[in-house]
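Here are a few friendly notes to read with the model open beside you. Each point can be checked by eye as you go.

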Amino acid sequence: MTASTDTITMFGADWCRDCRRTKAQLDELGVDYTYIDLEAEPAAADVAREISGRTQIPVVVYPDATHHVEPSNDDVAAKLRELSLI
């Protein structure tokens, strides 16, 4: 399992408050994304760590291959505007 290059991929876990916040933001904005639950797919944690170089979540990977780790709502919104996704 890898991050797709044509959509947003979010690595997270239900117990993570920042993950729930970012997921809710993407849902509210109506942005298509793939959610990878690290509790359901523990091996995906290694993928997220390879992408970000860190162990913090969420890791949000954008179609332009950039990523955010633990982004604020403002960071996510700014990136989505930059990519013309909102």
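1. Which residue lies over the face of Tyr35? In this predicted model, that residue is Lys23, and the distance to the ring centre is 4.5 Å. This is a good place to start your tour, with the ring turned towards you.

2. A charge over a ring turns up again at Tyr62. Here the charged end of Lys79 sits 5.9 Å from the ring centre. The cut-off for this kind of contact is 6 Å, so please keep that in mind when you look at the Lys79 and Tyr62 pair at 5.9 Å. As for aromatic rings paired with each other, the count comes to 0.

3. Lys79 deserves a longer look. Its side chain forms a salt bridge with Asp64, and the closest N and O atoms are 2.7 Å apart. This pair links distant parts of the chain: Asp64 is in the loop between S3 and S4, while Lys79 is in helix H3, 15 residues apart. Is Lys79 buried or exposed? At 9% relative accessibility it counts as buried, because the limit for that class is under 20%. Asp64, at 33%, counts as partly exposed.

4. Lys79 also meets the side chain of Glu82 in a salt bridge, at 3.0 Å from N to O. Both residues belong to helix H3 and are 3 residues apart, about one turn of the helix. Glu82 is exposed, with a relative accessible area of 55%. Through shared partners, the salt bridges join Asp64, Lys79 and Glu82 into one network. If you display that network, add the ring of Tyr62 to the view, since the charged end of Lys79 sits over that ring too.

5. How many salt bridges are there by the rule used here? The count comes to 5. One of them is formed by Asp46 and Arg49, with the closest N and O atoms 2.4 Å apart. Both residues lie in helix H2, 3 residues apart, about one turn of the helix. Asp46 counts as partly exposed at 40% relative accessibility, and Arg49 likewise counts as partly exposed, at 36%.

6. Now for the backbone. What is the form of the peptide bond from Ile57 to Pro58? That bond is cis, with omega near 5°. To find the place, follow the chain out of helix H2 (44-52): Pro58 lies in the loop that runs from there to strand S3 (59-61).

7. Where does Ala65 lie? Its place is in the loop between S3 and strand S4 (67-69), the loop that also holds Asp64. Ala65 has a positive phi of about 75°, although it is not a glycine. Its relative accessible area is 63%, so Ala65 is exposed.

8. Ser84 is another residue with a positive phi that is not a glycine, its value being about 60°. You will find Ser84 in the segment after helix H3 (73-82). Is Ser84 buried or exposed? With 61% relative accessibility, Ser84 counts as exposed.

9. To pull the threads together, a useful view would centre on Lys79, with its salt bridges to Asp64 and to Glu82 and with the ring of Tyr62 under its charged end. From Asp64, step along the loop between S3 and S4 to Ala65, where phi is positive.

Conventions
Residues are numbered from 1 along each chain as its sequence is written. This is a predicted model: local features need pLDDT of at least 70, side-chain atom pairs count only at pLDDT 80 or more; totals for chains, interfaces and linings use all residues. Side-chain values use heavy atoms; hydrogens and water are left out. Helices (H or I, at least four residues) and strands (E, at least two) are DSSP runs, numbered from the N terminus. Buried means under 20% relative accessible area, exposed over 50%, partly exposed in between (1.4 Å probe, protein chains only). A salt bridge is a side-chain nitrogen of Lys or Arg within 4 Å of a carboxyl oxygen of Asp or Glu. Rings of Phe, Tyr and Trp (its six-membered ring) pair if their centres lie within 6.5 Å; planes under 30 degrees apart count as stacked, over 60 as edge-to-face and the rest as tilted. A charge sits over a ring if NZ of Lys or CZ of Arg is within 6 Å of the ring centre and within 35 degrees of the ring normal.
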